[in-house]
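Dear colleague,

I am handing over the structure we spoke about, and it is placed just below so that you can keep it open while you read. My notes on what was found in it come after.

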Amino acid sequence: MKELSLHILDIAKNATQAGASLVEITVDEDILKNRLTISIKDNGRGMSKELLQKVKDPFTTTRTTRSVGLGIPFFEMAAELCGGKLSIDSVEGKGTNITAWFEYDHIDRQPLGDMPSTIMAAVTGSPEVDFIYRHVICGKEFLLDTREIKKVLKGVPINNVEVATWLFEYVSEGLNMLRR
Amino acid sequence: MKSLQELEAIRNKTLNEIHMRNDRTEGIRIVVGMATCGIAAGARQVLNALVDEVKKRNLSQVTVAQTGCIGMCRLEPIVEVYMPGEEKVTYVKMSPEKVARVISEHIVNKKAIKEFTVGSAEQQDKEERE
Ligand SMILES: Nc1ncnc2c1ncn2[C@@H]1O[C@H](COP(=O)(O)OP(=O)(O)OP(=O)(O)O)[C@@H](O)[C@H]1O
Ligand SMILES: [Mg+2]
């Protein structure tokens, strides 16, 4: 994968597949500290101690369509390639928090890439799940909470294409404001 | 600037459209495989293209959805088209360009594009092996 935002989408998919009802995606670009931190936290089924121990190994998966799991190993590799680290906190029955940090200016750091597309894909791909997306750039924050959006939508599905397009543009504009 | 007011307007427009259903596209589902294999192969861009095309052509009865790994990782990105009363059509190695054709030829004009389907890809593989 060429963009960190693609990893974020992929890890968020793990969370929804684990039966989460709420997924929190946080991106913190702290340029002063030269750190990019990404975390994906969910309240899904969590992982047993055994699974947690071996989940960074690409041959670990509970999926049935193929025998290798690549999502977490890929993401970890992206972090370690640029002096960063990935850590997983998971409690069975409670949820999982995956956090990766990266040296912001490291030459091998993948660009963050297209976050609006990632958020649109994550949110519309699991319309029954709620998402909180928090993006901080040097202390300034953009926040999206799909529970607020669903209140406005009153039953119109969040994966309606007009709504999906609005979501994409809303995130794009919000992030542009932060970068100004 | 995009706002929640604008979202409210979208909601109202959508609710109004529900009363004037368009039978020709009602119940059509387009599903993108969005597991690691799909995402790495470009499924997110394919999804963007689907949303764009469906919106541009005002096909408001068409649902764009996602699923996990379909089990044919080397043929990703994969898109499945479900039309009421018809067999599922599976398109493989999709791209935004191919999406534009699937929407106009299959969804709008009701003619599946054989050359993009999984059957055609498997046939090709077989010929190459022989
Ligand atoms: N958020 C999570 N909650 C619970 N279990 C998880 C979570 N994330 C990962 N897992 C478990 O860890 C396994 C490995 O995850 P990983 O993303 O590496 O591979 P995968 O999802 O199985 O396959 P792939 O990502 O390649 O499509 C999963 O099959 C699942 O059992
Ligand atoms: Mg995964």
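The notes below go through a strand and its partners, the nonpolar cores, a contact between two helices, and one residue in a loop. Please keep in mind throughout that this is a predicted model.

I would begin with strand 5 of chain A, which covers residues 130-137 and is largely enclosed by the rest of the structure, because seven of its eight residues are buried. Strand 1 of chain A, residues 22-30, runs parallel to strand 5 and is joined to it by eight bridges; within this pairing, A:Val27 has A:His135 as its bridge partner. Strand 6 of chain A, residues 140-145, pairs with strand 5 in the antiparallel sense over six bridges, and here A:Ile132 is matched with A:Asp145. Strands 5 and 6 of chain A form a hairpin with two residues between them, and in the turn A:Cys138 has a positive phi of about 45°.

The largest nonpolar core holds 83 residues, of which A:Phe102 and A:Tyr133 touch the most other members. Helix 6 of chain A, residues 161-179, gives the most to this core, with nine residues. Leaving aside neighbours within four places in sequence, A:Tyr133 is in contact with a set of residues that includes A:Ile25, A:Val27, A:Met115, A:Phe142 and A:Leu175. Apart from the largest core lies another, of five residues, among them B:Leu75, B:Ile78, B:Val118 and B:Ala121.

Turning to the two helices, the axes of helix 4 of chain A (residues 115-125) and helix 3 of chain B (residues 43-56) come within 10 Å and cross at roughly 75°, and these helices are therefore roughly perpendicular to each other. On the chain A side the contact involves A:Ser117, A:Thr118, A:Met120 and A:Ala121, which meet B:Arg44, B:Leu47, B:Asn48 and B:Val51 of chain B. The residues of this contact divide into four nonpolar, three polar and one charged.

Last comes B:Lys93, which is placed in the loop between strand 4 (89-91) and helix 4 (96-108) of chain B. B:Lys93 counts as partly exposed, because its relative accessibility is 44%. Leaving aside its neighbours within four places in sequence, B:Lys93 is in contact with B:Arg74, B:Leu75, B:Glu76, B:Pro77 and B:Lys98. From C-alpha to C-alpha, B:Lys93 and B:Gly68 are 16 Å apart in space, with 25 residues separating them in sequence.

With best wishes

Key:
Residues are numbered from 1 along each chain as its sequence is written. Chains are lettered from A and ligands numbered from 1 in the order in which they are written. This is a predicted model: local features need pLDDT of at least 70, side-chain atom pairs count only at pLDDT 80 or more; totals for chains, interfaces and linings use all residues. Side-chain values use heavy atoms; hydrogens and water are left out. Buried means under 20% relative accessible area, exposed over 50%, partly exposed in between (1.4 Å probe, protein chains only). Helices (H or I, at least four residues) and strands (E, at least two) are DSSP runs, numbered from the N terminus. Two strands pair if DSSP finds at least two bridges between them. Contact means heavy atoms within 4.5 Å. A nonpolar core is a set of buried Ala, Val, Leu, Ile, Met, Phe, Trp, Tyr and Cys residues joined through side-chain atoms within 4.5 Å. Axes are lines fitted to C-alpha atoms, for helices over the stretch in contact, and angles run from 0 to 180 degrees between N-to-C directions. Angles under 35 degrees count as roughly parallel, over 145 as roughly antiparallel, 65 to 115 as roughly perpendicular and the rest as oblique. Ala, Val, Leu, Ile, Met, Phe, Trp, Tyr, Cys and Pro count as nonpolar, Asp, Glu, Lys and Arg as charged, and the others, Gly among them, as polar.
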